[in-house]
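Work through the exercises below with the sequence and the model side by side. Try each task before reading its solution.

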Amino acid sequence: REREREMRFTLGYWKIRALGSPCRLLLWMVGQRDFEDKLYVVEKAENGGWDRTAWSNVKFNQGLDFPNLPYLFDHATGVRLTQSAAILRYVARQHKDKSFYEGEGPLAVHLDMLLEQAYDMQRPFTRTCYSASSQDELTSYRETVLKGHLDILEKYLEKQNGPYLTGKLTFVDVFLCELLDQMAVLLPGSLSGHAKVAALHKTFWESPDVAAFKASKYYMEGPVNNLMAYCNNVPQ
């Protein structure tokens, strides 16, 4: 416990990728290579349902205004946050020297718009992973809803001067590229036919900092979603 108190940040989330991995990855990218990664596990209950008590038993004892996962504690400032978008913005703003976020002006507004657009991609993806009951439903989602989002993103990237969303790496690229990787893992071939999107994904995941993250204790290949999701990858 003494070691944990020396760490500036504590991140709490389910023991899955989903919305936790973008936060883990951004902390790593801004130089926070030693943070507490508090993982909560959903287990199969004896009655056939799902046991979420690892989180529900402590949910309202964390000093959070709106208890939820993920959460972030900044032990240096006393800030306690929930909502993944707020966490991503906060971490990026706290590390301005890393240039992951512009605090004001047209680019800041543009980044906020890009993050909301990325969440518009994430929400139906996650919802479909949990609600689908057949491969046909996943195929339909991939060929209609997801393709529509990727078509729009492809056209946007064609107008940029670099592989990233604004030409340089920002916190929105971190969120989006983690999401794209989850899509590529769970829906193989989903990025095909979108050369710029695939190049963004490839450039990000092959960069030295991200390669180092993949070799760290904070990276997990899966599961992407919790165990009750129809579409998932559960490492053996």
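**Exercise 1: The sheet**

Tyr13 has Leu39 in β2 as its bridge partner. This is a predicted model: local features need pLDDT of at least 70, side-chain atom pairs count only at pLDDT 80 or more, and totals for chains, interfaces and linings use all residues. Residues are numbered from 1 along each chain as its sequence is written, and side-chain values use heavy atoms, with hydrogens and water left out.

Task: work out the strand order of the open sheet, and find which strands stand at the edges.

Solution.
- Step 1. Strands (E, at least two residues) and helices (H or I, at least four) are DSSP runs, numbered from the N terminus.
- Step 2. Strand β1 (residues 9-14) pairs with β2 in the parallel sense, over five bridges. Two strands pair if DSSP finds at least two bridges between them.
- Step 3. The open sheet has four strands in the order β2-β1-β5-β6, and its pairing is mixed.
- Step 4. β2 (36-40) and β6 (80-82) each have a single partner strand, so one side of each is left without a neighbour in the sheet. These two are the edges.
- Step 5. From one strand to the next, the twist averages 15°.

**Exercise 2: Helix α2 and its surroundings**

Task: place α2 against the sheet and against α4, then decide whether α2 is enclosed or open.

Solution.
- Step 1. α2 packs on the sheet and touches β1, β2 and β5 (71-74). Contact means heavy atoms within 4.5 Å.
- Step 2. The direction of α2 makes about 160° with that of β1. Axes are lines fitted to C-alpha atoms, for helices over the stretch in contact, and angles run from 0 to 180 degrees between N-to-C directions.
- Step 3. The axes of α2 (residues 20-29) and α4 (residues 84-94) come within 10 Å and cross at roughly 5°. The two helices are therefore roughly parallel. Angles under 35 degrees count as roughly parallel, over 145 as roughly antiparallel, 65 to 115 as roughly perpendicular and the rest as oblique.
- Step 4. On the α2 side, Pro22, Cys23, Leu26 and Leu27 make the contact; on the α4 side, Ser84, Ile87, Leu88, Val91 and Ala92 do. By class, that is eight nonpolar, one polar and no charged residues. Ala, Val, Leu, Ile, Met, Phe, Trp, Tyr, Cys and Pro count as nonpolar, Asp, Glu, Lys and Arg as charged, and the others, Gly among them, as polar.
- Step 5. In α2, 10 of the 10 residues are buried, so the helix is largely enclosed by the rest of the structure. Buried means under 20% relative accessible area, exposed over 50%, and partly exposed in between (1.4 Å probe, protein chains only). Arg24 and Trp28 are among the buried residues.

**Exercise 3: The core and two buried polar spots**

Task: find the residues with the most contacts inside the largest nonpolar core, then list what Asp181 and His194 touch.

Solution.
- Step 1. The largest nonpolar core has 72 residues, and Phe171, Leu180 and Phe204 have the most contacts inside it. Such a core is a set of buried Ala, Val, Leu, Ile, Met, Phe, Trp, Tyr and Cys residues joined through side-chain atoms within 4.5 Å.
- Step 2. Helix α7 (residues 171-186) gives the most to this core, with 10 residues.
- Step 3. Leaving out residues up to four places away in sequence, the contacts of Phe171 include Leu26, Leu88 and Ala92.
- Step 4. Asp181 sits in α7 and is buried at 11% relative accessibility. With the same sequence neighbours left out, Asp181 touches Arg17, His201 and Trp205.
- Step 5. His194 lies in the loop between α7 and α8 (195-205) and is buried at 6%. Beyond four places in sequence, His194 touches Lys147, Leu150, Asp151 and Glu154.

**Exercise 4: Backbone exceptions**

Task: find the cis peptide bonds at Pro70 and Pro223, and the positive phi values at Ala18 and Ser99.

Solution.
- Step 1. Most residues other than glycine have a negative phi, and most peptide bonds are trans.
- Step 2. The Leu69 to Pro70 bond is cis, with omega near 5°. Pro70 is in the loop between α3 (53-56) and β5.
- Step 3. The Gly222 to Pro223 bond is also cis, with omega near 0°.
- Step 4. Ala18 has a positive phi of about 40° and is buried at 15%.
- Step 5. Ser99 has phi near 60° and is partly exposed at 34%.
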